[in-house]
Amino acid sequence: MKFNELSKCYFELEKTQKKLEMIDILADTLKHSVSDEIGKITFLTLGKLYPDFVGIKLMLAEKMVIKALSLATGTSEKSIMNTFEEIGDLGKTTHQLLEKKSQTSLLSFTQTKEEDKEYEISEVWEILDKIAKMSGEGSADKKIKTLAGLISKVKPLEARFIIRIVIGQLRIGIESHLLLEALSVSKTGSRESKPLLERAYNSNADIGFVAEQLYEGGIEAVKQIEVRLFNPIRVMLAQRVSSSEELLEKFGGKCSLEYKYDGLRVQIHKKGDDIKLFSRKPEDITNQFPDVNRFIKEAAIEDEIIIEGEIVAYDSTKEKILPFQQVAQRKRKYDVDQKIEEIPVRVYLFDVLYCYNESRLDTEYIERRKLLTEIIKETENIKFSHQLVVDNTDDIEIFFNQALENSCEGVMGKDVSPDSIYQAGARGWNWVKFKQDYILPDTFDLVIIGADYGKGKRAGKYGTFLLGCYNPENLVYQTFTWVGAGFSDEDLDILYKMLKPLSRDKPKEVESEIESPVWFDPQIVIEVEGAEITVSPMHTCAKGELERESDGLALRFPRFTGKMVEDRLAEQATSTEEIHQIYLSKKDK
Ligand code: ATP
């Protein structure tokens, strides 16, 4: 398929906010593609080239792109910068520039043969891939020239989207779940196969592979997709409760409790001596933890396994788990060896997802725990999460207090019924978390969706931020609070640098009744604490689910805790349902 056709589809998508319409527009275009290009199309449509865990990203800086545009069009960088500042979108800026250029060249009859070239989608993908992989000395220059070469040959509309992909801001409002639905419609004519596609995607986090299988072998081939070693499984997340009574009630009077360690979640894939570690996003973090790699080799009894646990910083002289801030410093690409010395870690394992040549996603929890102890032996640095099955609130409270004494942040409650499968990619009720800060003030991981400029000392930066939670039912971010407290000057500097390139027109995946002076691509997650959740007609969190149609939920007295939540996708932020549950449980009390 020609890239021009895909660009026209993106252009149509840009114009609508309606989810069903978006699915139909996308499905109509996808219908015309074939199996050896559909994988590339799915990634481009999500604004990338590969699944996140592959770690190859474009993300060119705006300055480099402006240089490339200047080379491609013969316009000065300054003039491009001015137009960009006026329009606020580099894709639209490019589109406008090229349109002007093609009018001038038409007038002077200088259009060359090359400019008529119609690029295939695969050709565009391959050039972008080449740019992404350029590294070493002089690579910035090469990237600029290659991009300029491409831009000078494509149509203005194509360039609009190429540039957006290159800077990591495609802005057509398509995320993985909508894309899966569109794939289902394009290939089967209905949305009914979406759950099957989701199941396949959750088991290997590679949406391109799922699309290829669908286009090659139909839905039967998708059904065959299983967990594959070294393809991360999308992690299971937990709901939350705020009392031991609620915890027990959720599980019908009996559950397993585990310490909730405060560290970095890790999914470990091992085949012989090959080991890969994935974060919860999932991203490949193998190179940041060569020590964990060694520990696993010592502890593994079975050859081929996928297991999960939490990496924590550990002081072996004091025999104590150290706070999250310590282990967070291990998430770096440089000076890894030095940090291994400074901040030793250990891993508390809590699950097994693959062993004895079989996926264990559908195996019940008690059985999975048993398997874990068969395939791993505990060592100095590899331990099993502390665990106990309970059936009364007294035992929950004793265990909870023990967890806190052992530097954990609370407990995880886990279903022990035969239905207790691993719900990959979902925030389900098979796991619930009960944390200390649910008794004290609540903390929330919220997405920055808007901001207002600061005044006085904060002038020139953003001073307050509009924060949203994620509603996975409707695939939207809903507003929950403004926050201005708790930020140091340094925090505000960092946030300004991170957010400025993400500013844009109001994103269609944001549901807001508030007009924010600045809107952002929902990407950055921060931790915020608040005193109380109240009803508010202004915010859209849980709107339509409360007693009065016009009410939403809002956070009172919010304050930034100082924690940037970097190991999380925006869609893994605190969900609307979690907030609603907290509100209901506190209201009942
Ligand atoms: P939080 O910010 O509260 O840690 P989260 O959004 O990262 O939550 P949830 O799934 O909501 O993730 O809560 C469970 C998290 O707790 C897991 O992602 C994991 O990182 C961590 N964790 C620590 N100990 C355990 C355990 N024993 N079992 C499962 N998860 C655990």
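**Ligand environment and overall architecture**

A polar side-chain atom of Lys433 is placed 2.5 Å from an oxygen atom of the ligand in this structure, which is a predicted model. A further polar contact is made through Lys435, where an N or O atom of the side chain lies 2.6 Å from an oxygen atom of the ligand. The backbone also takes part, in that a polar backbone atom of Ala238 is found 2.8 Å from a ligand oxygen atom. Considered by itself the ligand would expose 590 Å², and 95% of that area is buried by the protein.

With respect to the cavities and pockets of the protein, the ligand occupies the second largest pocket. Two or more residues of the surrounding shell are supplied by each of the strands β1 (237-240), β2 (255-260), β11 (410-414) and β12 (427-435); of the contributions to this shell, that of β12 is the largest, at four residues. The shell comprises 20 residues, among which Lys260, Arg280, Glu310, Lys433 and Lys435 approach the ligand most closely. By residue class, twelve members of the shell are charged, seven are nonpolar and one is polar.

At the level of the whole chain, the secondary structure consists of 20 helices and 22 strands. The radius of gyration is 25 Å, close to the 25 Å obtained from the globule rule for 589 residues, and the chain is therefore as compact as a globular protein of that length. Taken along the principal axes, the box filled by the C-alpha atoms has dimensions of roughly 85 × 55 × 50 Å.

Two features of the backbone geometry may also be recorded. The peptide bond between Lys281 and Pro282 is cis, with omega at about 0 degrees, and Pro282 belongs to the loop that runs between β4 (274-278) and α14 (290-299). Phe230, a residue other than glycine, adopts a positive phi, with a value near 75 degrees; the position of Phe230 is in the loop between α12 (207-223) and β1, and β1 is itself one of the strands that give two or more residues to the shell around the ligand.

Key. Residues are numbered from 1 along each chain as its sequence is written. This is a predicted model: local features need pLDDT of at least 70, side-chain atom pairs count only at pLDDT 80 or more; totals for chains, interfaces and linings use all residues. Side-chain values use heavy atoms; hydrogens and water are left out. A residue is near a molecule or strand if one of its heavy atoms lies within 4 Å of it. A polar contact is a pair of N or O atoms within 3.5 Å; within protein, one must be able to donate a hydrogen and the other to accept it, and residues adjacent in sequence count only if both atoms are side-chain atoms. Accessible areas come from the Shrake-Rupley method with a 1.4 Å probe; for residues, only the protein chains shown count as cover. On a 1 Å grid over the protein atoms alone, a cavity is a set of points where a 1.4 Å probe fits but cannot get out, and a pocket is an open set with protein on both sides within 12 Å along at least five of seven lines; lining residues have an atom within 4 Å of a point. A molecule sits in a cavity or pocket if more than half of its atoms lie within 2 Å of its grid points. Ala, Val, Leu, Ile, Met, Phe, Trp, Tyr, Cys and Pro count as nonpolar, Asp, Glu, Lys and Arg as charged, and the others, Gly among them, as polar. The radius of gyration is taken over C-alpha atoms; the globule rule is 2.2 Å times the number of residues to the power 0.38.
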